[in-house]
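Here is a friendly walk through a two-chain model, written for someone who likes to know which cut-offs lie behind each term. Have the viewer open as you read.

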Amino acid sequence: MSKIEIKNVYKIFGNNPSEVLPMVKEGANKEEVLEKTGHTVGLDNVSLSIEEGETFVCMGLSGSGKSTLIRHLNRLIDPTDGDIIVDGTNIMELDEHQLIDFRKHELSMVFQRFGLFPHKTVIENIGYGLEIQGKTLEERNKTAMTQIEAVGLQGFEDQYPSQLSGGMQQRVGLARALATNPEILLMDEAFSALDPLIRSDMQQQLIELQSKLKKTIVFITHDLDESLRLGDHIGILNGGRLVQAGTPEQIIMNPADDYVKAFVKDVNRAKVLKAKTVMVQADKFDTSSIKLAETYKVNEGVYIEEFLPKVLENNSTIVVVDGKGDTKGYITSKELAISLSKTGYNETTNTTQ
Amino acid sequence: MNKITNFNIKVVSILIFIGLIVATHNLIIPKNIFYLFLKLIFLIPSVALIVNIANIIPKHTLLFFSKVFGAIVLITLIIISYLSSKRKPDNFSDLFDKWDSFLGIPLPKFLINWPKWLDTPFMHWINKGWKSFIADYGLIFDAIGYGLLRGYTELKGIIVQTPWPIVIIGVIAITYFTSGRKVGTTVFVGFCTFFIGFLNPRFWDKAIETTTMVVIGIAICIIIGIPIGIAMARSEKVRNAILPILDTMQVIPAFCYLIPGIILFGLGAIPAIISIFIYACPPLIRLTDLGIRLVDEEVIEAARSFGASKKQMLLGVQLPLALPNIMQGINQCTMMALAMVVIASMIGTRGLGDEVLLGLQQLNVGAALEAGLAIVLLAIVLDRMTQAYGDKIQERTQPGKKKQ
């Protein structure tokens with residue numbers, strides 16, 4: 001059972017969404033619906049499943065419905081139709097009291113513009129979730145202090161958010177979300193408002209935290225590099241529809257349509273593709289052509305950029321091995337050329353094979 | 001589905017209430033406050049029922065019926081005004097006896113000059129309603145007036161009996177702490193307070209009377225205004241219902257409610273306090289509403305995402321963040337209250353306004369201006385005290401914004 005399952009969720013904004021729903025279900029697209037009824041389609045038949053402990057990145061341009069989607073997971077927005085199942089519970093069936101309880105304990109959220117309480121100090125902000133849960137001040141401050149240390153904000157606990165820089169504010173946001181120790185972390189364009197250096201810093205911090213905590217993270221972004229860096233799985237939304245969901249490699253190697261293609265066009269493939277993805281299987285490779293002196297062993301999980309210089313320098317053949325040291329496949333300059341070419345991996349491989 | 005069941009429950013409860021009202025009508029119950037409560041109890045679910053029906057009926061049907069209803073009301077009003085008018089012609093056909101011409105086009109005379117019979121008898125209705133209202137519920141207003149008068153007299157008595165240096169020191173102390181220990185503001189306010197009495201010794205006690213009225217008026221405004229502002233911020237429907245009332249309260253000339261005030265509460269401080277409420281409460285309500293609605297949507301979402309209940313949201317997030325705006329509202333309220341107290345001197349309210357009136361009546365320009373100056377000084381004192389507190393809150397909640 002997946003941690004989060006979203007089943008056929010529709011969201012229509014407007015005065016009378018239920019009247020417009022059949023039209024959307026019949027397949028009318030966003031523009032048609034807007035023109036005919038004045039309603040905006042937020043989500044159009046989105047189904048997803050997110051596994052426990054993974055980072056799921058939801059990507060799309062502005063207006064594609066990604067922020068709407070993430071707000072469905074804690075029902076800040078209610079869907080027009082469809083079911084959302086978290087941990088086996090259909091959260092659409094929760095009454096108001098249960099919903100508040102669910103929000104208190106199951107998940108917490110990080111916001112694009114931080115959403116910090118300007119009238120509370122850093123430590124009060126971080127302790128807010130616990131305050132809502134009814135914990136005593138002592139407990140709150142104790143937990144908050146550990147979180148402050150975890151995000152490296154020691155010494156700032158009595159400052160107000162407006163006295164901090166953007167990056168520090170978002171760390172407070174992250175610490176606040178982690179303080180309640182939720183199983184699910186929702187991050188709505190959490191790093192989009194930060195400048196590039198700090199953003200990459202925060203991404204690193206999130207990756208480190210995640211390797212320790214193993215939360216289920218749903219991350220919203222419009223930045224492909226960010227999603228490739230953070231995501232175990234990526235879902236791409238366009239006009240409220242989920243156009244593709246899969247691992248970063250799947251998205252890059254097999255873009256589902258032109259929209260996704262346009263997205264992945266400018267990606268630095270060497271940074272994203274792993275040896276495992278581009279190698280030729282050991283049994284399909286003609287080993288007679290390699291000279292042993294020119295081989296170089298790499299692990300299957302390594303990114304291309306790490307062994308690319310070796311191939312270019314010595315024209316050596318890469319032997320891809322798994323964790324146990326067994327040979328899984330080979331990479332020569334030909335495979336690299338194919339995988340790094342922008343015109344698309346599939347077409348090229350088809351013509352060369 | 002849910003709506004319909006809700007609706008049914010409401011219909012049943014309404015029927016029970018109607019039964020209750022009919023029953024109480026038949027019993028001989030003195031028309032006192034309980035009777036008014038019964039009526040209110042009946043009124044509130046009726047409004048809820050109407051709102052519910054309005055929600056269920058499709059919008060265009062509702063719009064159509066409201067137009068038809070409006071037309072019927074208008075026609076009925078015209079017929080009533082014609083029939084009840086004493087100046088109507090003896091015969092209906094007489095209307096078309098006299099003709100005149102406009103740009104060469106012949107027209108019956110009543111279409112050119114506004115006819116005397118086209119006059120709704122609103123004045124008579126209001127007078128009639130007013131009379132029976134006084135007869136039935138005058139006692140309630142007497143009770144309110146008595147309560148307010150007691151509070152006013154006690155408070156005024158205490159301050160008047162206190163030696164004046166202690167009052168000045170008290171004002172200085174309050175300003176010092178509300179302004180966040182700003183010496184400049186404190187010294188300025190202290191001087192202004194001193195100068196009120198320094199201008200004319202008579203002004204001291206009068207200024208205290210005025211201040212007491214203002215303080216009680218503001219207290220009522222806060223107790224009633226802030227909850228209304230919160231309700232408006234929470235619900236679009238409540239806002240739409242309250243806004244026209246606020247417009248009326250602000251636009252209607254003060255004398256229109258000063259005179260009914262005298263009838264209900266007698267001469268003196270009480271009608272002035274009631275007038276303060278009518279005149280000064282709208283800005284406080286509006287600014288409370290605005291302040292709460294202006295709270296950053298993402299902050300609200302953040303609180304919701306952590307599972308904050310409505311109460312936790314209001315007390316922990318919305319009100320604290322709206323506080324600078326609410327304080328601005330209280331400041332505005334204070335200034336308007338002071339203006340109203342001066343106008344209220346026309347209905348025999350004592351205080352500094354009384355001195356201005358006296359100066360005017362005696363054509364004593366010096367006395368009138370002197371009293372006017374005292375009012376300005378009092379305004380400065382009250383303004384600085386409330387303003388300083390608002391600034392302090394603003395600094396605490398948004399420390400970055402204040403330091404440029």
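Let us start in chain B, where β1(B) and β2(B) form a hairpin with 2 residues between them. In the turn, Leu103(B) has a positive phi of about 55°. The strands span residues 99-102 for β1(B) and 105-108 for β2(B), run antiparallel and are joined by 4 bridges. Ser101(B) finds its bridge partner in Pro106(B) of β2(B). Strands count as paired if DSSP finds at least two bridges between them. Strands (E, at least two residues) and helices (H or I, at least four) are DSSP runs, numbered from the N terminus.

A word on provenance: this is a predicted model, in which local features need pLDDT of at least 70, side-chain atom pairs count only at pLDDT 80 or more, and totals for chains, interfaces and linings use all residues. Residues are numbered from 1 along each chain as its sequence is written, while chains are lettered from A and ligands numbered from 1 in the order in which they are written.

**Helix pairs in chain B**

Two helix pairs in chain B can be set side by side.

| Helix pair | Axes come within | Crossing angle |
|---|---|---|
| α10(B) (269-293) and α12(B) (310-344) | 7 Å | roughly 155° |
| α6(B) (183-199) and α7(B) (201-234) | 5 Å | roughly 125° |

Axes are lines fitted to C-alpha atoms, for helices over the stretch in contact, and angles run from 0 to 180 degrees between N-to-C directions. Angles under 35 degrees count as roughly parallel, over 145 as roughly antiparallel, 65 to 115 as roughly perpendicular and the rest as oblique. α10(B) and α12(B) are therefore roughly antiparallel. The contact of α10(B) with α12(B) has 19 nonpolar, 8 polar and no charged residues. In this classification Ala, Val, Leu, Ile, Met, Phe, Trp, Tyr, Cys and Pro are nonpolar, Asp, Glu, Lys and Arg are charged, and the others, Gly among them, are polar.

The crossing angle of the other pair makes α6(B) oblique to α7(B). Here Ile196(B), Gly197(B) and Leu199(B) of α6(B) meet Pro201(B), Phe203(B), Trp204(B) and Ala207(B) of α7(B). Contact between residues means that their C-beta atoms, placed from the backbone, lie within 7 Å. By class, that contact has 6 nonpolar, 1 polar and no charged residues.

**The sheet of chain A**

Over in chain A, an open sheet of 6 strands with mixed pairing follows the order β6-β7-β8-β3-β9-β10. β6(A) and β10(A) (241-246) stand at the edges with a single partner strand each, so one side of each is left without a neighbour in the sheet. From one strand to the next, the twist averages 15°. β6(A) runs parallel to β7(A) (184-188), joined by 4 bridges, and Val110(A) has Met187(A) of β7(A) as its bridge partner.

**Where the parts meet**

The domain assignment, which is automatic or from a database, splits chain A into domain 1 (4-106 + 182-267) and domain 2 (271-352). Their centres, taken over C-alpha atoms, are 34 Å apart. Domain 1 of chain A brings 8 residues to the contact and domain 2 of chain A brings 7.

Between the chains, 20 residues of chain A are in contact with 20 residues of chain B. α4(A) gives the most to the side of chain A that touches chain B, with 4 residues. That side divides into 9 nonpolar, 7 polar and 4 charged residues.

Technical notes
Contact = placed C-beta atoms within 7 Å.
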